[in-house]
Amino acid sequence: MSAHSSEGAEPNLTPILDLVFQLITFFMLVINFKGASMDLTLKLPVLGSARPLKWEGKMEPLLLNINREGKVHAYGQSVDVEQHVLREARLLKLQLESIGKPLKNNELPVPVIIRADRGVPFRELNHVIEVCQKQGYIQFSLSAMTSEEVH
Amino acid sequence: MRRHSRRHRKSSSVDLNLAAMLDMAFQLLAFFILTFRPAPIEGQLAMHLPPPIPVTNVKSDKPQTMGGDGSDISGLEKLDLYINANSLGEVSQIKVGMRPVVQGRLDASGIAALKRHMKEIFEIQQIPFDRIQLIVDDRLHYEELMKVVDICTQQVLPDGQKMQRISFVSATR
């Protein structure tokens, strides 16, 4: 190729721009914001009968991650479970009051999703459940993998 | 956009500088690729977990009254499952009521025995238990507990609904 011919050559950027925009659209559509609240380092137990939670309520479920040491994580941070659940329950009650939905028997109409590592002792799990029950949560969803992860 | 730029070029020969747009697009693409984490295939076992009844009040062979006011669920029975664990956090024994159903580890045969026994209670005998109370050893690991919970949630009540009313009690209390 001569120097003259390469001098005035301009690459056509339009197809590559099209391609990049298509890739961006793909990643924007599949981005998972809920993943931020999950601790993906946990090894959940495997149960074939576990089904994705069908929650169509307007309020977000309370999601708690319990690691092998029994520490509770929410949104990537270690939290004091009593204070965290108390704060979430208060906020929820305020939200319910503001939309004019009084509590029945002081029961919160929002589920708690517990994602616990498979090695968490019952003592720790039960403590978290009791803390939630004290604040009025009665619907619980215990998380499990539907199939063994392939690495 | 391509058609538009071509038409534009013909009329006034203005060239769009696509390099800057491509730079920005690549930056966006890099962000989405780096933050991309596919959601795990996760499921849940949904349960209705009212606060448990103290074990000292248990008379599982007779109808009981449960709940704060007792009006809506009076006269119904609960089934007690005792789950003992070894030092490794594995199941060492499961008793349904007072009857030992699983001895040793909860392997496939243990799971089958427990399923059979629960089916006998709920479907064949049709005893109107509306709630299962798991009295669990503190050392039991979550994975082992979930196996038992899974069997419990598969039980069908006389009204055709799946069992969801399960409560947990620590065996050490």
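The following questions and answers look at two packed helices and one sheet in a predicted model.

In this predicted model, local features need pLDDT of at least 70 and side-chain atom pairs count only at pLDDT 80 or more, while totals for chains, interfaces and linings use all residues. Residues are numbered from 1 along each chain as its sequence is written, chains are lettered from A and ligands numbered from 1 in the order in which they are written, and side-chain values use heavy atoms, with hydrogens and water left out.

Me: Are H2(A) and H2(B) roughly parallel or roughly antiparallel to each other?
Reply: Helices (DSSP runs of H or I, at least four residues, numbered from the N terminus) are compared here through axes, which are lines fitted to C-alpha atoms over the stretch in contact, with angles from 0 to 180 degrees between N-to-C directions. H2 of chain A (residues 14–30) and H2 of chain B (residues 18–35) pack at about 30°. Angles under 35 degrees count as roughly parallel and over 145 as roughly antiparallel, with 65 to 115 roughly perpendicular and the rest oblique. H2(A) and H2(B) are therefore roughly parallel.

Me: Which strands stand at the edges of the sheet in chain B?
Reply: Strands are DSSP runs of E, at least two residues long, and two of them pair if DSSP finds at least two bridges between them. The open sheet has five strands in the order E4-E3-E2-E5-E6 (chain B), with mixed pairing. Each edge strand has a single partner strand, so one side is left without a neighbour in the sheet, and these strands are E4 (99–103) and E6 (166–170) of chain B.

Me: How many bridges join E2 to E5 of chain B?
Reply: Leu79(B) stands opposite Ile132(B) in E5(B). Strands E2 (residues 77–85) and E5 (residues 129–136) of chain B run parallel, and the number of bridges joining them is seven.
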